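Open the model in your viewer and keep the sequence panel beside it. The tour below goes from one selection to the next and says what is there.

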Amino acid sequence: MKRLLKNLHTFINQRNGFFILLVGLFWLKTMFAYYVDFSLGVSGVFQHIILWLNPLATTLLVFGLALYIQRPIWRYFGLMILSTANTALLYFNVIYYRQFTDFMTINTILGYSKVSEGLSSSSLALARPYDVLYWLDLVILVVLLLSRLIKIDQRPIRHHLPFAITSVAVLLFSVNLTLGEADRPQLLTRTFDRNYIVKYLGIDAYTVYDAVKTAQNNQTRASANGSDLANVLTFINQHNAAPDPDMYGIAKGRNVIILHLESFQQFLIDYKVDGQEVTPFLNSLYHSDQTYAFSNFFHQVGQGKTSDAENMLETSVYGLPQGSVFTALGSDNTFQAAPAILQQKAGYSSAVFHGNVGSFWNRDNVYKNMGYQNFFDASYFDTEGDRSEQYGLKDKLLFRDSVKYLEQLQQPFYAKFITVTNHFPFPLDSEDTDFPLPTTDDKAVNNYFATAHYLDQSLQEFFEYLKSSGLYDNSMIVLYGDHYGLSNSDNLSLAELLGKSADTWNDYDNAQLQRVPLMINIPGQHNGGIQKQYGGEIDVLPTIEHLLGIDNTGYVQFGTDLFSAQHDQVVAFRNSNFVTPTHTVLDGTIYNNDGEEVTHPSATLKAEIKRQQDKVQNELQLSDTVNNKNLLRFYTPIGFKPVDPENYNYKNDFAQLKMTGEKLGQLSTSLYSKNGDRTTSNHYKTDAPELSSGDDDADTTNATSSENSSSSQSTE
Ligand code: GP9
Ligand code: MN
């Protein structure tokens, strides 16, 4: 033992030993933070290996910089400074994470961010006794150095050593990045979640990545000038589409419930497997005369998938050509979005219900900028064990467990439910399904029908609750599929199920499969039915506004009301391809809508297609300018008040809603108040097997989790 200590002492007294000690200690602290303070959702051996590896590469790289310093005393000093700075970065992120369940961005660190409040004096309240562990090693080392128990090794460093260490670090980092990309393709291009970058690449790499992105964004924003906005406004004015007077305001004053159907494609509607309807409930809704059901409605997302769909629905502005506008720009951009518009123009309250972590797609920040008053993310639900699948709480439970929050919203409300169970590769516990699967050679294709069926059942249960609780009759329910579930390569296996052949399957077929449902259910209306006009996600907001009797002139919205006589039926895909009621144009190739390629278009057709192609390109490019240059910060439509994200804090929404209801007393319009201050949860009937297997008292868990967070809540 004594010998071991002596050896250790000798080792530390050598310059290389001291370096290795510092790197090792920092690695340990990072591991501690990963496993104790952060919840990174690490699963499987492979992800653990990446996690263990990732601090090594960057720590070697950063600490290795000190080795380039020639004078020993300064080299040691440099090492200690770098180690302290890196510990500070790690520790501040730990504190920040305890408050926001997210990592600090450069804008938060510099205090520029509008949404993510930085660390304040109240953050001290978030410190824990064991935090000493983050700093203890540095204190001990300084004492040992000052008291010369550790001596500064005066020997010069061999000149190739720093270079060798940097090279090893770069190599390690490349391995790390490759492993990360293998486990999570498009990790950096799509940037799903800050949690993911930290999980795969570590805090240091994440911070540098965020700094580079921020600098690029700031540069683009700084280049914005007057003519950018003028071009956008000219386009918007030219594309103004007046409402159909018969439809305008038919849903005025109703609650709006948006049901975001994950990965749900139109072909599922009325589709049967073994003679059994996949989505009997949605089919009945689709064919109801109380539903305006669109049969030629397309998703228009890019790499931002769900977040792009959300962005279009909320703002009628497109996503970006690469990456997600939510994660790339959403923390700081100015939005003029549905929750704020509805609140300001018609007194709506607002909420999102989603069973995944709030940081995914940067929703926790973006929603504040959009003016969402409440965001019930995974922290408000019991998501333990078999209650969750991949991206969070299973749909049946999401709907069921949201009711206690939903009933507290002041009416009219604008409430959005984002489902997740029907997500690629569509796994589902056997207890949740007995649906017969097709037997193609693609497992994802087969499973898709079971998760879609499950989603359908969850919607039926929710609708039954809406009816029995009384919410249904004064609501408008908008259901839409966010994007494809099966990719173009899966479509080759899907082809046979659609009565086609993989051999003749082509781009045209892929494009037609980008149809997703849009159904607007307005109980009590009886002139609904299947709507054949062509449209896309960009058109939903203007349509909803007009149905609610809200005038949207002057707003920067790229879509047009689907019911308007002037509605533009050219549907742009994010890659500039487009579909019209007569043609489909893919990378310049023209197809008629029977799927035949038009090899010799007439001069008139050619000119028409060119005009449409130019318009699509111009529209997408203008939308990109709005996003990239954050143009809406310079433009506020008349009668609109810019959103102040600092008004929102999603930590104790439940308690706040209850308080609002109590304060309003007789004037409270929440369902809960209308029900004589009693919950309507008992109206909810579900066959979710997760509830019978164990604890089905969602009330206890949810109440505890939200009340816990409210007590640790220190801002506002
Ligand atoms: C996760 C969910 C999925 O929260 O919305 O996003 P997607 O992978 O479909 O973009
Ligand atoms: Mn999605």
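Two strands count as paired if DSSP finds at least two bridges between them. Strands (E, at least two residues) and helices (H or I, at least four residues) are DSSP runs, numbered from the N terminus. This is a predicted model, in which local features need pLDDT of at least 70 and side-chain atom pairs count only at pLDDT 80 or more, while totals for chains, interfaces and linings use all residues. Residues are numbered from 1 along each chain as its sequence is written, chains are lettered from A and ligands numbered from 1 in the order in which they are written, and side-chain values use heavy atoms, with hydrogens and water left out.

**Stop 1: strand β1**

Select residues 255–261, which form strand β1. Are the residues of β1 buried or exposed? Buried means under 20% relative accessible area, exposed means over 50%, and partly exposed lies in between (1.4 Å probe, protein chains only). By that rule, 7 of the 7 residues of β1 are buried. N255, I257, L259 and L261 point one way from the strand, V256, I258 and H260 point the other way, and all are buried.

Now add strand β9 (residues 413–418), which runs parallel to β1 and is joined to it by 5 bridges. I257 has A415 as its bridge partner in β9. Add β10 as well: this strand is also parallel to β1, with 7 bridges between the two. Here I258 has V478 as its bridge partner.

**Stop 2: the sheet around β1**

Strands of a sheet pair through backbone hydrogen bonds, either parallel or antiparallel. Show the whole open sheet of 8 strands, whose order is β6-β5-β9-β1-β10-β11-β4-β12 and whose pairing is mixed. Which strands stand at the edges? They are β6 (374–376) and β12 (529–536), each of which pairs on one side only. On average, neighbouring strands in this sheet are turned by 15° against each other, direction ignored; for such angles, axes are lines fitted to C-alpha atoms (for helices over the stretch in contact), and angles run from 0 to 180 degrees between N-to-C directions.

For an antiparallel pair, select β10 (residues 475–481) and β11 (residues 518–521), joined by 4 bridges. Within this pair, L479 stands opposite M519 in β11.

**Stop 3: the manganese ion**

Select ligand 2, the manganese ion, and then its donor residues E262, T306, D482 and H483. Donors are N, O and S atoms within 2.8 Å of the metal (3.2 Å for Na, K and Ca); water is not among the atoms, so sites may look incomplete. E262 is listed with two OE entries, T306 gives OG1, D482 gives OD and H483 gives NE2, at 1.9 to 2.4 Å. Along the chain the donors follow the spacing E-x43-T-x175-D-H. T306 in helix α12 (residues 305–315) and H483 in the loop between β10 and α18 (488–497) are 177 residues apart, and the pair links distant parts of the chain. Both T306 and H483 are buried.

Why is the arrangement of donors called irregular? The 6 donor atoms subtend angles of 55 to 168°, which makes it so. Four donors count as tetrahedral if all angles lie between 85 and 135 degrees; four count as square planar and six as octahedral if opposite donors are over 155 degrees apart and all others between 65 and 115; anything else is irregular.

**Stop 4: helix α4**

Select residues 72–100, the 29 residues of helix α4. From its first C-alpha to its last, α4 reaches 41 Å, close to the 42 Å expected at 1.5 Å a residue (the expected span is 1.5 Å times one less than the number of residues). Of its 29 residues, 21 are buried. Just after α4, look at T101, which takes a positive phi of about 50°.

**Stop 5: the sheet of 4 strands and Q612**

Show the open sheet with the order β13-β14-β15-β16, where the pairing is antiparallel. At its edges stand β13 (571–572) and β16 (589–592); each has a single partner strand, so one side of each is left without a neighbour in the sheet. Strands β14 (residues 578–579) and β15 (residues 583–586) pair over 2 bridges, and V579 stands opposite T584 in β15.

Finish on Q612 in helix α21 (residues 603–628). Q612 is buried, with a relative accessible area of 9%. Leaving out residues up to four places away in sequence, Q612 touches V570, F578 and T580, where contact means heavy atoms within 4.5 Å.
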